[in-house]
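This report covers one residue and its surroundings, followed by the two pockets ranked highest by volume. The structure is shown below.

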Amino acid sequence: MAPVNIQNIEKRFGQVKVIHDISVDIADGEFVVLVGPSGCGKSTLLRMIAGLEEVSDGEIRIGAREVSNLPARDRDIAMVFQNYALYPHMTVAENLGFALKLKKANPSEISAKVEKAAAILGLETLLDRLPRQLSGGQRQRVAMGRALVRDPQVFLFDEPLSNLDAKLRVQMRAEIKSMHQRVGTTTIYVTHDQVEAMTMADKIVVLHGGLIEQIGAPLDLYDRPANLFVAGFIGSPAMNFIDGRIEEGVFRSDKGLVLPLPEGLPVSQHGGRPLVYGIRPEHIRAEAGSISGRVEVVEGTGSEIYAKLDCDGEQISCLFRERLDIRFGDTVGIAIDAGSVLLFDKASGKRLAFNP
C-alpha cells in the first residue's frame, strides 16, 4: 500500500491539451473514484498513473518514488480493465497465478496466493474452469483476483463494470468495496456512473473537460456541490434547476413561479441578480399548498414514485417515497424542503455560500 500524489499533471496530444494542470493527493489505503462524462479525461489520467500514457508535464509519485517516467511494469500497480482480458486456454487458477509465474515465483507461493485471492472473491469452486464456462460477473472477479495476487501498492480500475447487466453491477460494486475493506490497498477507480462513485468512494474527483470541478467525500459533493455542473452530475434523478431572481423575500422564476428560500440567506446581498434555484427531486414532498403542478410523467418502482410536473411552465421532477395514486394529467400539490435549496450564480455557475 502507498499514497499517490499527482502534481500539476498535463497531457497533450500534439497541440491539443486534454488534461489541464491537475493535482490530487490520495492517501494510503484510500478508495478514490474519478468520475465525469465521456471525454472528460478520467481514463487518460488513470492511464498516466499506470504508465500506459506519457506525462506531458507534472509529476506522479507512488509512495516515496517519482514514477512519471517509469515503465508500467516498474510502478508496482495492478490494473483491471473494462475488458476482462482473460487467457481463454487457461483455467481460473492458471489465470490468477500467471503474473507470478512470469516472475518465476515459487510454485507453493503461487498456490498460496491464488487460494487466498479465490477465497476473498468467492472463486474457490471455480478454479478448474475455463473462462468460457464462467458468467460475466465471475470473469470480472477472476480479473480482479489476477490483480489481487500481485499484492500491488495501488489498484487501478478502468470502468470494470460497464459490460455487466444492472443486477450484476450492483453485486460487483459490493464485492469490489468488500475486497478493498479486507485488503486495504490504495485504489483508484474510473467510472462515468455517479451512482458507482457515490456508493463506493471514500473520495470523489469530479472531472469535466480535463479539469477538476470538485474533490470531496460523496456526501460533501451531494450536499455542497461547488457549481452547477457538479450539482447536476451528482445525484439521481438529477437536481432541478430553475432560472430566476430573488424578489420581496422569495425566489421568483423567469416564468413567474414563486419558490421558498432557505433561512439565513442574505436576501439583500443577492436580490435582483440572475440566479439558478436548485432542489433535488427527493427533497420535494406531496402536500397541498401554494405550489401545484400538472403531472406530465409518472413512473412507479414500488418503493417510490418519480413524477415530472408542469408548475406554471416550470418543469419540476419529484421523487415521492409515499404511495400515491397519481396519473398523467392529475394536478398535484407539492412542498419544497427550503433547508435543502441551493442557489447558484447564473453567470459563473458557482454555488452561493451562506450559513443557514
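## Surroundings of T91

Apart from neighbours within four places in sequence, T91 has contacts with L127, D128, R129 and L130 in this predicted model. T91 belongs to the loop that runs between strand 6 (77-80) and helix 2 (92-102). The relative accessibility of T91 is 18%, so T91 counts as buried, the cut-off being under 20%.

## Largest pocket

The largest pocket holds about 510 Å³ of space. Its lining consists of 21 residues, and those nearest the centre are A78, M79, F81, R146 and R150. By class, 16 of the lining residues are nonpolar, 1 is polar and 4 are charged.

Three elements, namely strand 6, helix 2 and helix 4 (136-148), each contribute at least two residues to this lining. Strand 6 contributes the most, with 4 residues. Strand 6 and helix 2 are also the elements on either side of the loop that contains T91.

## Second largest pocket

The volume of the second largest pocket is about 320 Å³. It is lined by 17 residues, with D223, R224, G339, V341 and L342 closest to its centre. Helix 7 (218-223) and strand 19 (342-345) are the elements that supply two or more residues to this lining.

Nonpolar residues number 9 in the lining of the second largest pocket, alongside 3 polar and 5 charged ones. Both domain 1 (4-232) and domain 2 (238-345) take part in this lining, each with at least three residues.

Conventions:
Residues numbered from 1 in each chain as written. Predicted model: local features only at pLDDT ≥ 70, side-chain atom pairs only at ≥ 80, totals over all residues. Heavy atoms only, no water. Buried < 20%, exposed > 50% of the residue type's maximum accessible area, 1.4 Å probe, protein only. Contact = heavy atoms within 4.5 Å. 1 Å grid on protein atoms, 1.4 Å probe; cavity = no way out; pocket = protein on both sides within 12 Å on 5 of 7 lines; lining within 4 Å. Points joined across faces, edges and corners; volume = space filled by probe spheres on them. Nonpolar A, V, L, I, M, F, W, Y, C, P; charged D, E, K, R; others polar. Domains from an automatic or database assignment.
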